[in-house]
Amino acid sequence: AHSKQFEMMAAALTTLLGLLPLVAQSYQTGSQNEAVKDFASSLQPGGFVKIQSNGSVDDYSSLNIEKNQRKPLIVQDFSRLSRPISVGDYPRVYIYDLPKSMMMKTCADVAPQDRSTCKFGEYITLKTPDCEFQIRNTDQFSNAAIFYDRLHAKKIVTKEPTEADIFYIPMYMCQDIGDMCAFCPSVQSIMDNLPYLDKHSAPRHLIIKPDVGFHGCPFYYGRGRDHEQSVLLNDTTRIALESFIERPHLYSIPYPTIASGLKTDELKKLMESVFAFVNRPFLASAIFGMHGQAAVLRQNIMKQCKAVEAAKECSGGNLDEPINGVQRTMQYSQLALNSTFCLQPMGDTPSRKGMLDSMVLGCIPVLFGKNQTTMWPWHVKSWDEVSIFINEKDYNDVFKVLREVPAEKIQSLRRNIFDLIPMISLKEDETQDTYADSFDITIRNLWLLIENRVTGSW
């Protein structure tokens, strides 16, 4: 044990020593970072930020970095990436073998060489003034397919129902067409394929809904509760991207971030690059469409963004524009990377994938709704420690609020975000079983939650 501790301490010391030159280079109190100067000088004057087809920034005219000077993180602690996890820490999971007509989309039948792209999307390269790193074009609704694959890879799946702690029902509960469910199996056809579901085992049955849970088949939300079998299905444990809707036993987990699907060394490279890039050209970025329940607020924020564009305090991007998925992710991730704050007003629902993706890029999320500050409590313990909240009275003075955030506060937020990144990302596979990611945290919390439900300790 002492030998292993010594090895871990030596590895940590080696990492720290390797980062010291980078820290020394970026830690300046009286002038701009030279790399940022070079980066800025290579850009031509112009108007609102433009993005080239390869995703690189085309212009940052009239940069004003000195007044937004920020100290870098002095120590980048990667200890969270080297914490061994035992399979014994996990429940045993039985996965129902459902008819294909009921099965959600998975990557199980995809050729092995294409499976990673199926789950996490294509690799995308982003740039800071000093280096390059990679992210993935991960679809926001891919949690269910990723979890299905990870459960098998984790080797906690059992084919013996008598050994199971959790019974996983791999069924996508709705195929949306507008506001309608295109396919909803009958309750009877579902029950015919769930032989181990009864009133005692219902809490131990798990359904993963990959979206926000906004739409769904009637039985998923417990409508028609006079039917005994609907009641059983309604008593199962369910997870989705949000849990604000009034449904029993529904819990929220994070969107899969753009850091999901990275190997450990790729994730470490991302974290090193992102958090060494401190003197960012823009104070904030506003990247969203003009739709949703908060469309008026979004329009107001974008108007404020354009008003300070001449001072290069804001860069904007309209997600309603028809842009290819990979191109969109590349362009808008680069904008977020070059900003200290990322504005995250509510959309169709309170949550946004951008709330998480911005943190991956070291951009502090700026929230506008109280519901946003309660998202994903298993993974984000306190939004006060990783974000800025704009009160309604300040909706017309967003940039005034951001200008007044002390440098010490910004540094503290970025430190906390740095520690959070592994916990909100998803590993590519179980060969990286050295740290707890979003999947690990979800499964362990689910197990505790289900045990509490079954034993009645709540």
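User: Which strands does helix α4 lie across, and at what angle does it run to β1?

Analyst: In this predicted model, helix α4, residues 143-153, lies across β1, β4 and β7 (205-208). Its direction is at about 120° to that of β1.

User: How should one read the sheet to which these strands belong, and what is its strand order?

Analyst: The general idea is that strands of a sheet pair through backbone hydrogen bonds, either parallel or antiparallel. Here the sheet is open and has 5 strands in the order β1-β4-β7-β8-β9, with parallel pairing.

User: Why is one side of β1 and of β9 left without a neighbour in the sheet?

Analyst: β1 (93-95) and β9 (250-252) stand at the edges and each has a single partner strand, so one side of each lacks a neighbour there. As for the twist, neighbouring strands of this sheet are turned by 30° against each other on average, with direction ignored.

User: How many bridges join β1 to β4, and which residue stands opposite I95?

Analyst: The two strands run parallel and are joined by 3 bridges, β4 covering residues 166-168. I95 faces Y168 of β4, a pair that can be located directly in the structure.

User: Turning to β12, is this strand mostly covered or exposed?

Analyst: A residue is called buried when its relative accessible area is under 20%. By that criterion, 6 of the 6 residues of β12 (339-344) are buried, and the strand is mostly covered. For the protein as a whole, 54% of the 458 residues count as buried.

User: Which strands pair with β12?

Analyst: One is β10, residues 282-287, which pairs with β12 in the parallel sense over 4 bridges. In this pairing, A284 has F341 of β12 as its bridge partner. Another is β13, residues 364-367, which runs parallel to β12 and is joined to it by 4 bridges. There, Q344 stands opposite L367.

User: What unit do β12, helix α10 and β13 make?

Analyst: Together with helix α10, residues 353-360, the strands β12 and β13 make a β-α-β unit that is right-handed.

User: Finally, what describes the protein as a whole, beginning with how many helices and strands there are?

Analyst: The protein has 13 helices and 14 strands. Among contacts between residues at least 6 apart in sequence, 73% join residues at least 24 apart. The accessible surface comes to about 20100 Å², and carbon and sulfur atoms account for 52% of it.

How values were computed
Residues are numbered from 1 along each chain as its sequence is written. This is a predicted model: local features need pLDDT of at least 70, side-chain atom pairs count only at pLDDT 80 or more; totals for chains, interfaces and linings use all residues. Side-chain values use heavy atoms; hydrogens and water are left out. Two strands pair if DSSP finds at least two bridges between them. Axes are lines fitted to C-alpha atoms, for helices over the stretch in contact, and angles run from 0 to 180 degrees between N-to-C directions. Contact means heavy atoms within 4.5 Å. Buried means under 20% relative accessible area, exposed over 50%, partly exposed in between (1.4 Å probe, protein chains only). Accessible areas come from the Shrake-Rupley method with a 1.4 Å probe; for residues, only the protein chains shown count as cover. A crossover is right-handed if, with the strands pointing away from the viewer, the path from the first strand over the helix to the second runs clockwise.
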